[in-house]
Structure formats: C-alpha cells, structure tokens
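Reader: I should like to work through several local features of a structure, taking the general idea before each particular case. May we begin with pairs of charged side chains?

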Amino acid sequence: MAKQTSKPETEVFDTALAEADAAPKESARAQRRQKPKIDPTDQVEVRNNTFGRLVYSSPRMMGYTIVWDAHGDVQLMDYSEVQTMKNAFKRFFVNNWVTIDDPDVVEALGVSGFYKETVNGGNINELFGMSPSAIRKRVSAMNDGLKATVRAAAKQAVDDGTLDSMKRIKALEESLDCSLM
C-alpha cells in the first residue's frame with residue numbers, strides 16, 4: 001500500500017488566508033476599473049469654459065453644430081456625440097474649452113485627468129483671491145488652453161475693477177506672460 005502524505009496544517013491554513021486576502025483585493029480592483037455605463041442617447045450638459053463663442057461641428061452627423069455664445073453657456077448633447085467630440089476633437093477637453101459637471105460622465109469618457117487644475121466661473125474668483133505665490137503655483141500647473149481662459153477672465157476682472165490688487169495682477173501677468181492693464 002502506498003504511503004499517503006498530507007500537508008502540514010500550518011501550510012493549509014496559510015494558503016487559505018492568502019486566498020481569502022486575495023479575493024477582496026481583486027474585486028476592489030475590478031470595481032475601480034469599471035467605468036459607469038451611460039446610455040448613448042442620454043442627454044449630457046456641456047458647459048462652455050472659454051471667454052467667447054465656441055463652436056462644435058460633428059464629423060459624424062453632417063450639419064449638426066453646437067454653438068455656445070458665452071462663458072458658462074450650457075448645451076445639451078447626446079452622450080454618443082460627446083464621445084465623438086472627445087475622440088475627434090480631444091482639444092475640447094485637453095484645453096478645457098468645455099466642462100462636464102456630471103462625475104459619472106467625466107469618468108466614463110476618461111477625461112478626469114484634464115480637469116485636475118481646471119477653473120470655471122465659480123472658482124475663478126477664488127483664484128483671483130489667492131496670494132500671489134499661490135496664484136503663480138496654480139497657474140503654472142495649467143495647460144495653455146486653461147491659461148487663455150484665465151487670461152481673458154483676469155483682463156475682464158481688471159477692466160471692471162473686481163481685481164484690483166496690484167500684487168495679484170502682477171503675479172497673473174508674470175504667470176500668464178501677458179499685460180492685464
């Protein structure tokens with residue numbers, strides 16, 4: 001008769017613990033990787049983040065054009081068309097020309113990385129209220145498209161008198177490489 005050998009109890013116990021520890025980690029990773037599923041016909045609010053007129057013409061549907069007339073204007077677009085915008089004209093997102101407030105849509109599109117240093121109408125005044133050193137630090141982290149938006153907003157704020165601190169104006173001028181006065 002053949003002699004049967006069994007695993008020592010500690011080895012069996014260690015293996016069971018390792019398998020139990022691995023299962024939650026794998027499911028947590030799988031959950032993080034899953035992007036929200038959004039129906040292609042769902043309407044998405046797309047906001048103009050430039051100071052001026054912004055026009056999007058669809059390469060997918062001839063004659064389909066969206067026009068935002070001013071900063072902060074919102075247009076409703078099908079999610080599928082927003083995907084087309086991202087794929088065909090990524091600069092709308094890279095340069096922060098448009099913003100999307102719905103975090104599920106931002107995550108599903110995979111554009112959250114473009115919104116890390118973004119400013120919009122609500123928090124652009126916060127930027128103007130920061131210390132000069134904080135302004136320099138924040139603006140230096142922005143991409144060129146976002147700097148153009150801040151430049152236009154700063155010029156408007158200086159002209160209408162809402163931004164009147166010479167130190168902050170100088171910090172913005174140095175950071176944006178422009179003249180605001």
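Reader: Which side chain meets that of D159 in a salt bridge?

Author: The general idea is that side chains of opposite charge can pair when their charged atoms come close. The model here is a predicted one. In it, the side chain of D159 meets that of K155, with an N to O distance of 3.5 Å. Both D159 and K155 belong to helix α7 (residues 144-160), where they are four residues apart, about one turn of the helix.

Reader: Are D159 and K155 buried or exposed?

Author: D159 counts as exposed, because its relative accessibility is 55% and the class begins over 50%. K155 is partly exposed, with a relative accessible area of 32%.

Reader: How many salt bridges does the structure hold?

Author: The structure holds four salt bridges. One of them joins E81 to R60, with the closest N and O atoms 2.8 Å apart. E81 lies in helix α2 (residues 79-88) and R60 in the loop between β2 and β3, so this pair ties together parts that are 21 residues apart in sequence.

Reader: How do E81 and R60 stand with respect to burial, buried or exposed?

Author: E81 is buried, at 0% relative accessibility. R60 is partly exposed, and its relative accessible area is 43%.

Reader: Which residue forms a salt bridge with R136?

Author: The partner of R136 is E174, and their closest N and O atoms are 3.1 Å apart. Because R136 lies in helix α6 (residues 132-140) and E174 in helix α8, the pair ties together parts that are 38 residues apart in sequence. R136 is partly exposed, with a relative accessible area of 32%, and E174 is partly exposed as well, at 45%.

Reader: Which residues gather in a patch of negative charge on the surface?

Author: The patch consists of E45, D102, D104 and E107. A patch is made of residues without a salt bridge and with over 30% relative accessible area. D104 is partly exposed, with a relative accessible area of 42%, and is found in helix α4 (residues 103-109).

Reader: Let us turn to strands. Where do the side chains of strand β3 point?

Author: In a regular strand the side chains alternate between the two faces of the sheet. Strand β3 (residues 65-68) shows this alternation: I66 and W68 point to one face and are buried, whereas T65 and V67 point to the other and are not. Strand β3 is joined to strand β2 (residues 54-57) by four bridges, and the two run antiparallel. Within this pairing, L54 stands opposite W68.

Reader: What is the order of the strands in the open sheet of three strands?

Author: The order is β4-β1-β5, and the pairing is antiparallel. The edge strands are β4 (74-78) and β5 (98-99), each of which pairs on one side only. Strand β1 (residues 43-48) pairs with β5 over two bridges in the antiparallel sense. Across from R47, in β5, stands T99.

Reader: A last topic is the backbone. What is the phi of N96?

Author: As a general rule, most residues other than glycine have a negative phi. N96 departs from it, with a positive phi of about 55° although it is not a glycine. N96 is placed in the loop between α3 (91-94) and β5. It is buried, with a relative accessible area of 1%. The C-alpha atoms of N96 and D144 are separated by 9.3 Å, while these residues are 48 apart along the chain.

Reader: What is the phi of D177, and where is its place?

Author: D177 also is not a glycine and has a positive phi of about 55°. Its place is in the segment after α8 (166-176). D177 counts as exposed because its relative accessibility is 71%, whereas N96 is buried at 1%.

Note on methods
Residues are numbered from 1 along each chain as its sequence is written. This is a predicted model: local features need pLDDT of at least 70, side-chain atom pairs count only at pLDDT 80 or more; totals for chains, interfaces and linings use all residues. Side-chain values use heavy atoms; hydrogens and water are left out. Patches are made of residues with over 30% relative accessible area and no salt bridge: like charges are joined within 9 Å, nonpolar side chains (Val, Leu, Ile, Met, Phe, Trp, Tyr) within 5 Å. Accessible areas come from the Shrake-Rupley method with a 1.4 Å probe; for residues, only the protein chains shown count as cover. Lys and Arg count as positive and Asp and Glu as negative; His and the chain ends are not counted. The place of a charge is taken as NZ of Lys, CZ of Arg, CG of Asp or CD of Glu. Buried means under 20% relative accessible area, exposed over 50%, partly exposed in between (1.4 Å probe, protein chains only). Two strands pair if DSSP finds at least two bridges between them.
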